[in-house]
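Please find below a colleague's note on the structure, set out as numbered points. The points concern helix packing, pockets and cavities.

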Amino acid sequence: MTTEESERTCPFRHDEALEPDPFMERMRTEAPVAKVRMPYGEGECWLVTRYEDVRTVTQDRRFSRAALIGKDFPRITPAPIAQSEAINLMDPPALSRLRRLVTTGFSNKQVEELRPKTQQLVDKLLDAMEDEGSPADVAHHLAGKLPLMTICELLAVPMEDRPQLRAWAMAMMSMKPADKEAAAEAKAGLRRYFAGLTSERRRNPGNDLLSSLATARVGDEMLDEKELAVMGMLLLVTGHDTSTYEICNIIYTLLTHPKHLAQLRERPEILPRALEELLRYIPFRQGVGIPRVALEDVTFNGVTIPAGDVVHVSYLCANRDGSVYERADELDFDRDDPAPHMTFGHGSHHCLGAHLARMELQIAIGTLINRFPELRLAVPAEEVQWNTVSIWRYPLTLPVAW
């Protein structure tokens with residue numbers, strides 16, 4: 001292996017609080033389309049890190065998610081997280097069909113109708129935190145409960161089943177080699193659970209989201225049994241993971257950027273825009289996600305990716321691309337850059353639950369900072385302990401005082 005190749009072999013872990021991964025930053029600057037080696041999977045792959053190139057890979061049909069099926073593709077987890085029947089391993093037109101069916105049962109209007117109930121839940125959780133007294137762990141009281149409770153209510157998951165589902169969801173995301181078997185067992189457990197639950201909802205539908213998906217039709221089409229089970233599983237995992245960790249990450253970022261927190265207190269009307277900037281700014285996960293396969297030779301700026309090669313993109317790097325965002329490494333709530341961030345993905349695989357996540361973040365963050373005007377970290381920032389196991393970056397606990 002040459003020196004250059006060894007420099008591009010990276011564990012794709014960076015656990016320094018919420019600082020960008022220096023390896024990924026270097027790739028975007030020095031080699032924005034580079035061949036790299038991932039910690040797991042067979043062979044090398046390509047890493048694409050600039051905003052416009054990431055847009056191309058994620059919306060151009062010359063790149064396929066479905067072509068990954070059956071491959072031991074390069075990745076950052078010991079076992080693949082995605083499943084062959086899942087929407088995140090589909091291409092159009094099959095993908096378009098499934099998204100139409102899902103959006104029929106999970107619309108933005110339905111999410112907006114949840115706002116009053118979500119506000120009540122946040123108020124109740126913060127009541128409990130306040131009753132415990134200052135200092136308290138906001139990760140435990142708010143971030144660790146709100147998103148899971150919300151998605152489980154949407155899916156009508158029985159209360160007694162929720163702790164096990166949460167444990168399985170966390171186990172699936174481990175990047176440790178020793179956790180490979182546990183991650184596979186967790187994925188199998190979630191699939192069995194949702195196969196049973198969705199089968200029951202198809203027989204006896206209620207008013208919940210799973211029932212809506214089980215009975216949703218576009219013309220004569222419905223989700224089949226496997227699609228429905230995997231979709232239930234995917235909604236449970238993606239419907240709470242990102243929001244859980246981003247609530248904590250955003251609180252930590254605001255409490256370590258007092259001028260920005262003061263700006264939000266003075267101008268609460270900018271909260272939605274401020275949250276979009278925080279989502280752009282914060283590197284919320286490790287490394288990369290689910291890749292694609294080049295179906296034909298594709299050339300980027302003089303670099304040709306051959307047909308059949310696996311291609312990863314970095315949404316995190318795209319979010320910090322200085323050719324797209326002015327002062328990309330600065331947090332700016334008055335930013336007028338036209339390019340939307342890619343925290344929820346891009347193209348045909350843009351996150352179906354993005355609207356739910358935004359609604360939860362607006363209520364959770366807005367209520368917290370308004371209710372506790374003296375909110376501050378209860379420990380020095382350098383003493384906050386960070387997750388060093390899963391694909392997500394987040395504080396294990398976040399003690400706050402008021």
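**Note on empty space and helix packing**

1. In this predicted model, the lining of the second largest cavity draws at least two residues from each of α2 (22-30), α15 (271-281) and α16 (315-319). The largest share comes from α16, which contributes three residues.

2. The second largest cavity holds about 130 Å³ of space, and 18 residues line it. Those nearest its centre are Pro 20, Asp 21, Pro 283, Leu 316 and Cys 317. Sorted by class, the lining of this cavity comprises seven nonpolar, five polar and six charged residues.

3. How many cavities of 30 Å³ or more does a search of the whole structure find? The search returns five. The cavity described in the two points above is the second largest.

4. Turning to the pockets, the largest one contains about 460 Å³ of space. Its lining is made up of 20 residues, and Leu 114, Lys 117, Thr 150, Glu 153 and Leu 154 are the ones nearest its centre. By class, the lining of the largest pocket has eight nonpolar, seven polar and five charged residues.

5. Which helix gives the most to the lining of the largest pocket? That helix is α6, with six residues. At least two residues of this lining are supplied by each of α5 (108-112), α6 (115-132), α8 and α11 (209-215).

6. Two of the helices that line the largest pocket, α6 and α8, also pack against each other, at an angle of about 145° and with their axes 11 Å apart. Their crossing is right-handed. On the α6 side the contact involves Lys 117, Thr 118, Leu 121, Val 122 and Leu 125, and on the α8 side Leu 146, Met 149, Thr 150 and Glu 153. By class, the contact of α6 with α8 has five nonpolar, two polar and two charged residues. Lys 117, Thr 150 and Glu 153 in this contact are also among the residues nearest the centre of the largest pocket.

7. Helix α8 (residues 146-155) also packs against helix α17 (residues 354-371), at an angle of about 135° and with the axes 11 Å apart. The angle therefore makes α8 oblique to α17. The crossing of α8 and α17 is right-handed.

8. Which residues of α8 meet α17? They are Leu 146, Pro 147, Thr 150, Ile 151 and Leu 154, and their partners in α17 are Leu 356, Glu 360 and Ala 364. The contact of α8 with α17 divides into six nonpolar residues, one polar and one charged. Leu 146 and Thr 150 take part in this contact and are likewise found in the contact of α8 with α6. Leu 154, which meets α17, is one of the residues nearest the centre of the largest pocket, as is Thr 150.

9. The second largest pocket has a volume of about 210 Å³. It is lined by 14 residues, and the closest to its centre are Ala 139, Ala 143, Gly 144, Arg 166 and Thr 244. Helices α7 (138-143) and α13 (241-255) each provide at least two residues of this lining. By class, the lining of the second largest pocket consists of eight nonpolar, three polar and three charged residues.

Note on methods
Residues are numbered from 1 along each chain as its sequence is written. This is a predicted model: local features need pLDDT of at least 70, side-chain atom pairs count only at pLDDT 80 or more; totals for chains, interfaces and linings use all residues. Side-chain values use heavy atoms; hydrogens and water are left out. Axes are lines fitted to C-alpha atoms, for helices over the stretch in contact, and angles run from 0 to 180 degrees between N-to-C directions. Helices (H or I, at least four residues) and strands (E, at least two) are DSSP runs, numbered from the N terminus. Angles under 35 degrees count as roughly parallel, over 145 as roughly antiparallel, 65 to 115 as roughly perpendicular and the rest as oblique. A crossing is left-handed if the near helix is turned anticlockwise from the far one by less than a right angle, and right-handed if clockwise. Contact means heavy atoms within 4.5 Å. Ala, Val, Leu, Ile, Met, Phe, Trp, Tyr, Cys and Pro count as nonpolar, Asp, Glu, Lys and Arg as charged, and the others, Gly among them, as polar. On a 1 Å grid over the protein atoms alone, a cavity is a set of points where a 1.4 Å probe fits but cannot get out, and a pocket is an open set with protein on both sides within 12 Å along at least five of seven lines; lining residues have an atom within 4 Å of a point. Grid points are joined across faces, edges and corners, and a volume is the space filled by probe spheres set on the points.
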